[in-house]
Amino acid sequence: MFTHEKDRFDSLKDLSPVEAIRTWLCDNCTHGERGYLVAAIQRDRRIELDDDEIAYVIEAALEEGIDATTAFDRLLIAGDGLQMRRERPLPRR
């Protein structure tokens, strides 16, 4: 049983970001498996969200019935939005 779980975790780490999102959306993943899926998603350097932010976007996509490609686009957009806020200084009051 342990070897089967380890093989499953190893295979999750090797997924592309879109495949990892698809697995999260279509499979009944355990909480432990989600960590490996997040790691696979974060391999795309354009996604600058942390683990919790990625989980939030994916869970929202799951609730809304959104496909993996659209969820991936949302992750990219969310990252761009966060990046723009980091680069732009806050206005002085």
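These legends accompany close-up views of a predicted model.

**View 1. The whole chain is built from helices.**
The model is predicted. The chain has five helices and zero strands. Along the sequence the pattern runs α-α-α-α-α. Of the 93 residues, 33% are buried. The exposed surface of the chain comes to about 6,600 Å². Carbon and sulfur atoms supply 52% of that surface. Among contacts with a separation of 6 or more, 56% join residues 24 or more positions apart.

**View 2. Confidence varies along the chain, from helix α2 to helix α5.**
The mean pLDDT of the chain is 82. A score of at least 70 is reached by 78% of the residues. Confidence is highest in helix α2 (residues 17-26), at a mean of 94. Confidence is lowest in helix α5 (residues 68-87), where the mean is 74. Over residues 82-93 the pLDDT drops below 50. Beyond near neighbours in sequence, that stretch has four contacts in the model.

**View 3. Helix α2 is mostly covered.**
Seven of the ten residues in α2 are buried. They are P17, V18, A20, I21, T23, W24 and L25. Take T23, which lies in this helix. T23 counts as buried because its relative accessibility is 18%, and the cut-off for buried is under 20%. Setting aside residues up to four places away in sequence, T23 touches R8, L12, L15, C29 and L37.

**View 4. L37 sits in helix α3 and is buried.**
Helix α3 spans residues 31-42 and holds L37. How much relative accessible area does L37 have? The value is 0%, so L37 is buried. Which residues does L37 touch, not counting residues up to four places away in sequence? The contacts are L12, L15, A20, T23, W24 and C29. A20, T23 and W24 are among the buried residues of α2. L37 and E19 are 18 residues apart in sequence. Their C-alpha atoms are 9.0 Å apart in space.

**View 5. Two cysteines, C26 and C29, form no disulfide.**
The structure holds zero disulfides. A disulfide is a covalent bond between the sulfur atoms of two cysteines. Why is C26 not bonded to C29? The sulfur of C29 is the closest cysteine sulfur to that of C26, yet the 9.3 Å between them is too far for a bond. The cut-off for a disulfide is 2.5 Å between the sulfur atoms. C29 is likewise in no disulfide. Is each cysteine buried or exposed? C26 counts as exposed, because its relative accessibility is 66%. C29 counts as buried, because its relative accessibility is 11%. C29 also appears among the contacts of T23 and among those of L37.

**View 6. Helix α4 has a buried face and an exposed one.**
Helix α4 covers residues 51-64 and has 14 residues. From its first C-alpha to its last, α4 reaches 20 Å. That is close to the 20 Å expected at 1.5 Å a residue. Which residues of α4 are buried? They are I54, V57, I58, A60 and A61. Seen down the axis of α4, these buried residues fall within an arc of 155°, so they line one face of the helix. An α-helix has 3.6 residues a turn, so residues three or four places apart point the same way. The face of α4 turned away from the buried side carries the exposed residues D52, Y56 and E63.

How values were computed: Residues numbered from 1 in each chain as written. Predicted model: local features only at pLDDT ≥ 70, side-chain atom pairs only at ≥ 80, totals over all residues. Heavy atoms only, no water. Helix = DSSP H or I, 4+ residues; strand = E, 2+ residues; numbered from the N terminus. Buried < 20%, exposed > 50% of the residue type's maximum accessible area, 1.4 Å probe, protein only. Contact = heavy atoms within 4.5 Å. Areas by Shrake-Rupley, 256 points an atom, 1.4 Å probe, with all protein chains shown as cover. pLDDT = per-residue confidence, 0-100. Expected span 1.5 Å × (residues − 1). Arc of directions from axis to C-beta.
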